[in-house]
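Grab a pencil and keep the viewer open while you work through these exercises. Try each task before you read its solution.

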Amino acid sequence: MILDSLTNADRYHTLHPAFADAFTFLRNTEFGSLPEGRNEIDGERLYAMVIRGQGKENRILEAHRDYIDIQFTVTGSDLIGREETARCVENAAGYLAEQDIVLLTSFPSLLVNVAAGRFAVFFPEDAHAPMGCAGPVEKIVVKVKI
């Protein structure tokens with residue numbers, strides 16, 4: 001997991017070939033003009049999910065196998081739980097390949113505050129429980145194909 005601000009995003013370009021494009025999108029996009037849900041950047045290689053909503057207590061951990069999440073908070077402050085995926089127990093549904101998600105019955109051992117203007121990167125080994133904030137939040141989750 002990485003937690004940082006966009007001013008330092010260039011440091012992470014070498015971690016994945018699509019990270020430079022992902023951070024360019026986050027720096028240069030007028031978020032208010034984007035509709036909620038999926039927004040195309042580069043097909044299945046790179047796309048963004050716009051989320052506007054109210055935080056919820058007791059969020060469930062999730063993990064992905066095919067995508068890395070770059071979760072950028074536009075407004076508000078998101079509280080995201082994190083645990084090592086290998087230490088978690090899958091729920092009865094197991095991995096849902098079509099949605100690239102597995103929900104987990106475990107609890108996070110770490111809570112990370114991702115304030116407006118900051119991002120958190122979650123790799124497949126980082127189970128995460130987003131939207132644990134108390135108030136409203138607007139965020140962009142850039143999905144980067146592994």
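**Exercise 1. Find what Phe123 touches, leaving out residues up to four places away in sequence, and decide whether Phe123 is buried or exposed.**

Solution. Keep in mind that you're looking at a predicted model.

- Step 1: place the residue. Phe123 sits in the loop between strand 9 and strand 10 (126-129).
- Step 2: list the contacts. With residues up to four places away set aside, Phe123 touches Met1, Ile2, Leu15, Phe19 and Ile68.
- Step 3: check the separation from one of them. Phe123 and Ile2 are 121 residues apart in sequence, yet their C-alpha atoms are 9.0 Å apart in space.
- Step 4: apply the cut-off. Buried means under 20% relative accessible area, and Phe123 has 17%, so it counts as buried.

**Exercise 2. Work out which residues of helix 1 are buried and how they are arranged around the helix axis.**

Solution.

- Step 1: pick out the buried ones. In helix 1 (residues 19-28) they are Phe19, Ala22, Phe23, Phe25 and Leu26.
- Step 2: look down the axis. The buried residues fall within an arc of 150°, so they line one face of helix 1.
- Step 3: recall the background. An α-helix has 3.6 residues a turn, so residues three or four places apart point the same way.
- Step 4: see what lies over that face. The cover for the buried residues of helix 1 includes strand 2 (37-42), strand 3 (46-54), strand 5 (67-75), strand 9 (118-122) and strand 11 (136-145).

**Exercise 3. Describe the largest nonpolar core: how many residues does it have, and which element gives the most to it?**

Solution.

- Step 1: size it up. The largest nonpolar core has 25 residues, and those with the most contacts inside it are Leu26, Ile70, Phe119, Ile140 and Val142.
- Step 2: trace the contributors. Helix 1, strand 3, strand 5, strand 9 and strand 11 each give two or more residues to this core.
- Step 3: name the top contributor. That's helix 1, with five residues.
- Step 4: zoom in on Leu26. Not counting residues up to four places away in sequence, Leu26 touches Leu6, Phe31, Ile70, Phe72, Ile140 and Val142.
- Step 5: look elsewhere too. Apart from the largest core lies another core, of seven residues, including Leu61, Cys88, Ala127 and Ala129.

**Exercise 4. Compare three salt bridges, those of Arg38, Glu90 and Lys139: where are the partners, and are they buried or partly exposed?**

Solution.

- Step 1: get the total. The count comes to 11 salt bridges.
- Step 2: start with Arg38. Its partner is Glu44, with the closest N and O atoms 2.9 Å apart. Arg38 is partly exposed, at a relative accessible area of 33%.
- Step 3: go to Glu90. The side chain of Glu90 meets that of Arg65 in a salt bridge of 2.9 Å, N to O. This pair links distant parts of the chain: Glu90 is in the loop between strand 6 (77-84) and strand 7 (102-103), whereas Arg65 is in the loop between strand 4 (62-63) and strand 5, 25 residues apart. Glu90 is partly exposed at 38% relative accessibility, and Arg65 is partly exposed at 43%.
- Step 4: finish with Lys139. Its salt bridge partner is Asp78, and the closest N and O atoms are 2.5 Å apart. Lys139 lies in strand 11 and Asp78 in strand 6, so the pair ties together parts 61 residues apart in sequence. Both Lys139 and Asp78 are buried.
- Step 5: check for shared partners. Asp21, Asp42 and Arg45 are joined into one network by salt bridges that share partners.

**Exercise 5. Explain where Met1 sits and which surface patch it belongs to, then look at Arg82, which touches Met1.**

Solution.

- Step 1: locate Met1. You'll find Met1 in the segment before strand 1 (2-5), and it's partly exposed, with a relative accessible area of 33%.
- Step 2: find the patch. Met1, Leu3 and Leu110 form a nonpolar patch on the surface, with about 220 Å² of accessible area together.
- Step 3: turn to Arg82. Arg82 belongs to strand 6, and at 16% relative accessibility it counts as buried.
- Step 4: read its contacts. Leaving out residues up to four places away in sequence, Arg82 touches a set of residues, among them Met1, Leu110, Phe122 and Asp126.

Notes:
Residues numbered from 1 in each chain as written. Predicted model: local features only at pLDDT ≥ 70, side-chain atom pairs only at ≥ 80, totals over all residues. Heavy atoms only, no water. Buried < 20%, exposed > 50% of the residue type's maximum accessible area, 1.4 Å probe, protein only. Helix = DSSP H or I, 4+ residues; strand = E, 2+ residues; numbered from the N terminus. Arc of directions from axis to C-beta. Contact = heavy atoms within 4.5 Å. Patch = residues over 30% accessible without salt bridge, like charges linked within 9 Å, V, L, I, M, F, W, Y side chains within 5 Å. Areas by Shrake-Rupley, 256 points an atom, 1.4 Å probe, with all protein chains shown as cover. Salt bridge = Lys/Arg side-chain N within 4 Å of Asp/Glu carboxyl O. Core = buried A, V, L, I, M, F, W, Y, C linked by side-chain atoms within 4.5 Å.
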